[in-house]
Amino acid sequence: MAILIFIGSGFMFLAALIMMLGSAASKMGGAGVALGAVYIVMGAIYIAPGVLLFRYASAIRALTYSRTADDLRLALSKQRVFWKFVGIITICVIVLYIFVIIAAVFIGASGTIM
């Protein structure tokens, strides 16, 4: 799964590059560049859980060979760090969604008033 996360992040960076170059070539303006920047940020955010999951997988691999309590503690610690990060990102995204919904309601309401 960590490798798939890295591949997905690479595709996001590639999509960002295509959007940015495409908008510059077609004279679309800043919309393609802004969307490309969003994809770059998303791709960068996706790298962190990939790294954390890869570290957990490496710790599990070491545990399968050694079968020691220290390696078990290390693997569980790596897993805890991964899920803590994923939980924090999930909470941030939910809060962002709430703000976007509130902003959309206010923008829509201000458009109907005018």
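Visitor: Which residue follows α1, and what is the sign of its phi?

Guide: In this predicted model, α1 is followed by K27, and the phi of K27 is positive, near 60°.

Visitor: Why is a positive phi worth pointing out in a residue other than glycine?

Guide: Most residues other than glycine have a negative phi, so a positive one departs from what most of them do. R67 is another case, for its phi is near 55°, again a positive value in a residue other than glycine. R67 has its place in the loop between α2 and α3, the latter running over 69–113.

Visitor: What makes R67 count as buried or exposed?

Guide: The relative accessible area of R67 is 67%, and the cut-off for exposed is over 50%, so R67 is called exposed.

Visitor: How many helices and strands does the protein chain have, and in what pattern do they follow one another?

Guide: The secondary structure comes to three helices and zero strands, and anyone reading along the sequence meets the pattern α-α-α.

Visitor: How do you know whether the span of α1 agrees with its number of residues?

Guide: α1 has 25 residues, and at 1.5 Å a residue, counted as one less than that number, the helix should span 36 Å. The C-alpha atoms at its ends are 36 Å apart, so the expected span and the one in the model agree.

Visitor: Which residues of α1 are buried, and what do they pack against?

Guide: The buried residues of α1 are A2, I5, S9, M12, A16 and S23, and they pack against α2.

Visitor: S9 is found in helix α1, but what makes this residue count as buried or exposed?

Guide: S9 has a relative accessibility of 1%, and buried means under 20%, so S9 counts as buried. Once its neighbours within four places in sequence are left aside, S9 is in contact with G43, Y46 and I47.

Visitor: What makes a set of residues a nonpolar core, and which residues make up the largest one here?

Guide: The residues must be buried, must belong to a list that includes Ala, Leu, Ile and Phe, and must be joined through side-chain atoms within 4.5 Å. The largest such core consists of five residues, namely A2, I5, L52, L53 and F82. To this core α1 (2–26) and α2 (30–66) each supply at least two residues.

Visitor: How do you know whether L53 is buried, and which residues does L53 touch?

Guide: L53, which is found in helix α2, has a relative accessibility of 17%, and this value falls under the 20% limit, so L53 counts as buried. Not counting residues up to four places away in sequence, L53 touches M1, A2, I5 and F82. Although L53 and M1 are 52 residues apart in sequence, their C-alpha atoms lie 7.8 Å apart in space. A2, counted in the same way, touches G50, L53 and F54.

Visitor: Why is the pair formed by F82 and W83 called edge-to-face?

Guide: The two ring centres are 4.9 Å apart, with 70° between the planes; centres within 6.5 Å make a pair, and planes over 60 degrees apart make it edge-to-face, so the name applies. By this rule the count comes to one aromatic pair.

Visitor: Are F82 and W83 buried or exposed?

Guide: F82, at 9% relative accessibility, counts as buried, whereas W83, at 52%, counts as exposed.

Visitor: What makes L63 count as buried or exposed, and with which residues is L63 in contact?

Guide: L63 lies in helix α2, and its 16% relative accessibility is under 20%, so L63 counts as buried. Apart from neighbours within four places in sequence, L63 is in contact with T68, D71 and L72. I98, by contrast, is 35 residues from L63 along the chain, with 42 Å separating their C-alpha atoms.

Visitor: How do you know whether the protein chain has the radius of gyration of a compact globule?

Guide: A compact globule of 114 residues would have a radius of gyration near 13 Å, but this chain has 20 Å, and its C-alpha atoms fill a box of roughly 70 × 35 × 15 Å along the principal axes. Of the 114 residues, 16% count as buried.

Notes. Residues numbered from 1 in each chain as written. Predicted model: local features only at pLDDT ≥ 70, side-chain atom pairs only at ≥ 80, totals over all residues. Heavy atoms only, no water. Buried < 20%, exposed > 50% of the residue type's maximum accessible area, 1.4 Å probe, protein only. Helix = DSSP H or I, 4+ residues; strand = E, 2+ residues; numbered from the N terminus. Contact = heavy atoms within 4.5 Å. Rg over C-alpha atoms; globule rule 2.2 N^0.38 Å. Phe/Tyr/Trp six-rings, centres within 6.5 Å; stacked < 30°, edge-to-face > 60°.
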